[in-house]
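Reader: I would like a close look at a single part of this model, the place where the ligand sits. Please take me through what surrounds the ligand and how that part connects to the rest of the fold.

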Amino acid sequence: MDKVFYITTPIYYVNDVPHIGSAYTTLAADILSRYMKMRGRKVFFLTGTDENAPKVAEAARAKGESPLTYCDRMAEEFKKTWDYLDIQYDAFIRTTEKRHFEVVRQFLQKLKGRGYIYEGYYKGWYCIYDETYFREEEVQDGLCPNPECRRPLQRVQERGYFFKLSAFQEALLPFLNEDKRVLPDFRRREVINFVLGGLRDLYITRQRNDWGIPFPDDEQLQVYVWVDALINYLTAVGYLQDDELFSSLWPPDVQLMGKDILVRFHATLWPAMLLAMELPLPRLLFGHGFWTVQGEKMSKSKGNVVNPLTAIREIIRFSGCEESYAKDALRFYLFRSTPFGADGDFSYENLRACYNGDLANNLGNLLNRLTTMSTKYLDGEIPPPGYDYSTEVHSVLKSYQEAMEELAFHSAIASAFTLLDLANKHLDETAPWRLYKEGNIQAVRNSLGTAIELLRISAILLYPFLPSASREILSRLGFSSAPSFKEANWGLFTEERKGIKIKAGTPIFPRMEEVIKISNQEKEITIDDFAKVDLRVGKIVSCKVVEGAEKLYQMEVDLGELGKRRTIAGIAQYYTPSELIGKNIIFVANLAPAKIKGLISEGMILAVDAPGQVVIVTPEKEVPPGSKVR
Ligand code: ME8
């Protein structure tokens, strides 16, 4: 029997809310997990939060909360975001859990028993942002040597414990030299160079904190957070707690992370810790690239951090597509536009081009054309294919599968899209609309049946990347079961399916309007900047659905002295018109007009953007329309 396929993501520090970067890794794990399940494998997908770090305690203090209360709140935030993004993880570990404390302490005791831990005196530096120790010779100017960080370091001179990392320099090489154990390959070479450059013993305790896991037998010290964090991958699958569970899952099949934590931590320290305990090493470590935003590094201080919820909201706002498909669209964009492993640059312009080109045009239009033609020419019949594309499909399945096994998600999507291109080309060449005019119904059936079959197979292949849209497409084509790779072969669409009719529906991916101006939130502004925004109380006087965009409302808002304004907002899923009419709201009165679905929107209603819902902001007491909000 196949081993359960065990996938991990990093456990994220809770000093920050989830963003497009952490979402990227977690979505990648979900994509792989869905693919493996579609192939019939049992999967265990682990994610979680890294909570025992000094910077987490500092973030809690800055908010005036106790570290644990703060961590409880933030861990929920991560779970809620992953749930909202349709990420189906199997386990969520928090490093403040009691079971994890126990496992870490026992792990260290065993390590000590094996002679790999010794007491000593440490003199060097610590970067609280990177949670990394640096040696004297690595630091020139008291600043963090990581070019991405360069922040002031803390001086450390204290007694504590070391892990004999240097003992593993040779032992790590066979693992690192093996093909496809560390991907992408150029990163594997980086790791090898790092290891060949010489490994020093690692300082694994700290004295300056009251937050963290007490070091066994020397309780006033805490365990260095990276050692604690890496052990999460063991704790979560029953190590030292449930042998049966552990042996069914260990080792991890794929461990995903960003390039920032591959070389030093996951490809060096982590396998060394496992070798020391004689535990099998992970089958594959994958260090993907980093996302920048319009060419710049994402950072809180720059205020350009992309929140996935905001991106989804913007997709809905500018396309009018349903929320579940907007989530798919964001996921798709992240993996279609950039090869997994390379760095990517996020921009709404690129997102729009990708959405319109691939989802609205290629995929969405094909579905719309096929449902319309089948309904019009064949009374909704879904005919069997009249042409044979089995060779093409066979070769696409092969390249798709090879790509997915190597996590080359972008190539896998490209493979699936060759089938959509074939289908569109087939329709253009066979021109069923002309055949229908000529009265050649059998030829119409042959043509439409062929294109439908190509669409059906691509929908299965695209399922990990477009989970909701793929199911919807398959359901419109009369398939309601969960997408399965076994069904992705040519000719499954046979006569037995006679009588099943194609389901018409609204476009899944309506075209996205030009994204006029999307703000990158959280940037610091001055009071003068704020004063530029003319916020007013308004009363909603009318509200109706925008034609052709059922998620959008067109509303008229009374702003008193400023008169009445029309605004378009994507809130139809959250409120009925009667709930909105008569409501006092807060309105941005001096926003440049935007064209949405062909209608001019003159201003914007303020709403709270929370996972799974949008909530309108209202003044707490009745005030006249037009009143200024400051
Ligand atoms: O390092 N682009 O946690 P972390 C792509 N707690 N991915 C990004 C990204 C970006 N701009 N920014 C972050 C930690 N990531 C440790 C891990 S594991 C035992 C302990 C993703 O919250 C990427 O996966 O700083 C990166 O490796 C991870 O978030 C870092 O998350």
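Author: A polar contact here is a pair of N or O atoms within 3.5 Å. The model is predicted, and G21 gives one such pair: a backbone N or O atom of G21 is 3.4 Å from a nitrogen atom of the ligand. For I11, a backbone N or O atom is 2.8 Å from a ligand nitrogen atom. With D260 the side chain takes part, as one of its polar atoms lies 2.7 Å from an oxygen atom of the ligand. On its own the ligand has 670 Å² of accessible area, and the protein covers 91% of it.

The shell around the ligand holds 24 residues, and the closest are I11, T25, D50, D260 and W291. By type, the shell residues are 13 nonpolar, 9 polar and 2 charged. Elements that give two or more residues to this shell are strand 1 (5-13), helix 1 (20-38), helix 7 (225-230), helix 8 (232-235) and strand 12 (254-258). Strand 1 supplies the largest share, 4 residues.

Next comes the sheet. Strand 1 belongs to an open sheet of 6 strands in the order 3-2-1-12-13-7, with parallel pairing. At its edges are strand 3 (91-94) and strand 7 (182-183), each pairing on one side only. Strand 1 and strand 2 (residues 43-50) run parallel and are joined by 7 bridges. I11, already met beside the ligand, has G48 of strand 2 as its bridge partner. Helix 3 (residues 67-84) packs on the sheet and touches strand 1, strand 2 and strand 3. The direction of helix 3 makes about 160 degrees with that of strand 3.

Note on methods
Residues numbered from 1 in each chain as written. Predicted model: local features only at pLDDT ≥ 70, side-chain atom pairs only at ≥ 80, totals over all residues. Heavy atoms only, no water. Near = heavy atom within 4 Å. Polar contact = N/O pair within 3.5 Å; in protein donor to acceptor, adjacent residues only side chain to side chain. Areas by Shrake-Rupley, 256 points an atom, 1.4 Å probe, with all protein chains shown as cover. Nonpolar A, V, L, I, M, F, W, Y, C, P; charged D, E, K, R; others polar. Pairing = 2+ DSSP bridges. Contact = heavy atoms within 4.5 Å. Axes fitted to C-alpha atoms, helices over the stretch in contact; angles between N-to-C directions.
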